[in-house]
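Biologist: Could we go through this structure together, slowly, with a few questions about how its parts pack against each other?

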Amino acid sequence: LRIKRAPNQTADDRRYIDAMRLMSVAGTEYDAEDRDSSLRALNAYRRAETIWQELGIKREQAQALYSVAMLEYWAAYDWSRSAAMAAQASAIYRELGFEQLYANALMLQGTALIEAANELGPRDAQATLAAALELFGVAKSTHERLKNEFALAHLSNNVGLTYFYMGDWDRARTLWGDSAQQFQALGDWREELNARQNQAVIDGLQGYNKRAIETLQYIIDSLPNDSDLQFRVNVIDNLAENYRLYGEYEDALQAYSTAHAIHRRIGDGIGEAYALTGIGNTYYSIGELDLAGRYLEQALPLAEESNDGRSQEAILARLGDIKFLQSDYAEALNLHRAALDLAVAEPDRAHRQLSVAKDLAALDRNKEALRLAVEAAELALESSSLSTHADAEMQIGKIEAALGNSLSARSHFESALETYESLGLKHGEADALNSMANAARRRNELDAAIRLGRASIDAIESLRERVAAPELRAHYSAASQHYYEDQID
């Protein structure tokens with residue numbers, strides 16, 4: 001709209017019109033799938049908020065503050081500033097008596113705090129997450145009084161996310177199930193599918209990758225062709241990661257490549273870092289270490305630029321894994337410790353502690369390694385992360401074997417194998433069987449060693465058969481060579 005100034009307007013009148021124009025410009029500029037236009041909208045809202053504040057027009061100032069907070073969250077990735085702007089908006093709405101807008105601003109503040117927590121150390125992060133829960137509690141009481149069912153469904157989802165980052169995955173799963181049912185009753189299929197996607201993420205992290213793949217594929221098949229790209233690509237990201245964890249490496253690479261192209265198209269730096277990390281992790285899984293490192297090094301500055309502490313943690317951890325396989329154990333330890341410093345949720349800390357334990361064991365610091373591995377096993381058990389607990393049992397077994405405690409090592413290997421078999425994780429099965437074979441060999445039980453070694457090779461072969469591309473299959477075979485060498489010996 002072209003707004004013409006009348007000759008007798010005062011300076012305040014003109015500034016009022018300027019602020020209205022900025023709000024209109026911001027509204028037309030904003031595009032969720034174009035980060036540059038969203039950042040232009042953010043700048044316009046900021047300028048409008050300054051004018052509203054100077055004019056003392058609080059309702060419009062609160063609206064501008066809330067809009068700034070939203071775009072700081074979605075476009076600028078400045079979680080702390082988003083939380084601060086939302087807090088200012090909520091204070092004004094409360095003063096003016098706008099209860100629903102007050103509660104909405106509290107929800108946005110809490111959601112921003114969740115993301116901000118991922119940039120902090122474990123103690124500060126837990127305190128920040130607790131503060132988010134407190135805000136959600138206040139918002140919930142207001143929305144319940146106003147009977148705002150849609151907002152309550154969103155609250156269930158956001159509280160679930162908070163508990164997820166706290167490491168309480170069982171409570172998160174329950175809350176996301178509640179959210180899915182609430183949205184289903186309200187007829188909002190998109191938000192229902194989003195909550196079910198969150199449940200699938202936990203399935204994947206706990207080792208139920210096949211179930212997660214089925215759920216995520218169902219969600220993709222349920223989406224209309226013209227559904228928003230941001231939601232679709234989030235589902236593809238999670239599907240790709242579960243393909244990788246389940247050993248379907250070609251499907252993982254294809255899905256991650258599709259996701260990466262979409263993230264670049266919509267200017268989503270966080271998503272682009274996630275997809276590049278996933279491609280790097282997949283190449284790592286099939287033994288292409290140089291290519292894995294190149295993708296991860298592309299992903300790291302994107303994760304840093306977007307203040308995504310969780311992605312930075314994952315990238316540093318995998319770069320440490322690569323250094324370990326290259327026998328640079330000291331540098332692997334440095335990278336894994338840096339990743340551990342960024343880990344917030346207990347299951348993530350368990351993963352990173354295991355990596356540090358592995359490095360320490362390689363450096364012949366077995367007692368330190370054993371202590372960390374045992375702690376990691378306890379953390380994994382508390383968060384119901386079965387696959388991580390099995391990984392911890394494997395690491396404990398390997399350290400016990402190095403210390404000469406053969407029977408204790410076998411017990412831990414057998415425990416890990418049982419879990420891997422129940423989850424259908426063939427790579428874990430192969431590792432456990434190979435470790436059991438080597439333990440039997442050290443006890444001079446050669447028939448058992450040969451039998452177990454043959455079973456480990458069968459598990460590896462079943463994974464290798466899933467890789468159709470000859471070049472990828474060759475790399476995977478090279479990375480698995482030690483299984484065959486142990487059997488030959």
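Biologist: In which crossing, left-handed or right-handed, does α4 pass α5?

Modeller: Please keep in mind that this is a predicted model. The two elements to look at are helix α4, residues 79-96, and helix α5, residues 99-117, whose axes come within 8 Å. Where α4 passes α5, the crossing is left-handed.

Biologist: How are α4 and α5 oriented to each other?

Modeller: Their axes cross at roughly 165°, and angles over 145 degrees count as roughly antiparallel. The helices α4 and α5 are therefore, with respect to each other, roughly antiparallel.

Biologist: How many nonpolar residues does the contact of α4 with α5 have?

Modeller: On the α4 side the contact includes W79, A83 and Y93, while α5 contributes, among others, L101, L108 and L113. Sorted by class, the contact has two charged residues, four polar ones and, for the nonpolar class, 14.

Biologist: Which helix supplies the largest share of the largest nonpolar core?

Modeller: This core has 59 residues, and I114, L129, Y163 and F164 are the members that touch the most others. At least two of its residues come from each of α1, α2, α3, α4, α5, α6, α7 and α8. The largest share, eleven residues, is supplied by α5.

Biologist: Which residues does I114 touch, leaving aside those up to four places away in sequence?

Modeller: I114 is among the residues that touch the most other members of the largest nonpolar core. With those sequence neighbours not counted, the residues that I114 touches are L129, A132, F136, N158, L161, T162 and Y165.

Methods:
Residues numbered from 1 in each chain as written. Predicted model: local features only at pLDDT ≥ 70, side-chain atom pairs only at ≥ 80, totals over all residues. Heavy atoms only, no water. Axes fitted to C-alpha atoms, helices over the stretch in contact; angles between N-to-C directions. Helix = DSSP H or I, 4+ residues; strand = E, 2+ residues; numbered from the N terminus. Parallel < 35°, antiparallel > 145°, perpendicular 65-115°, else oblique. Left-handed = near helix turned anticlockwise from the far one by under 90°. Contact = heavy atoms within 4.5 Å. Nonpolar A, V, L, I, M, F, W, Y, C, P; charged D, E, K, R; others polar. Core = buried A, V, L, I, M, F, W, Y, C linked by side-chain atoms within 4.5 Å. Buried < 20%, exposed > 50% of the residue type's maximum accessible area, 1.4 Å probe, protein only.
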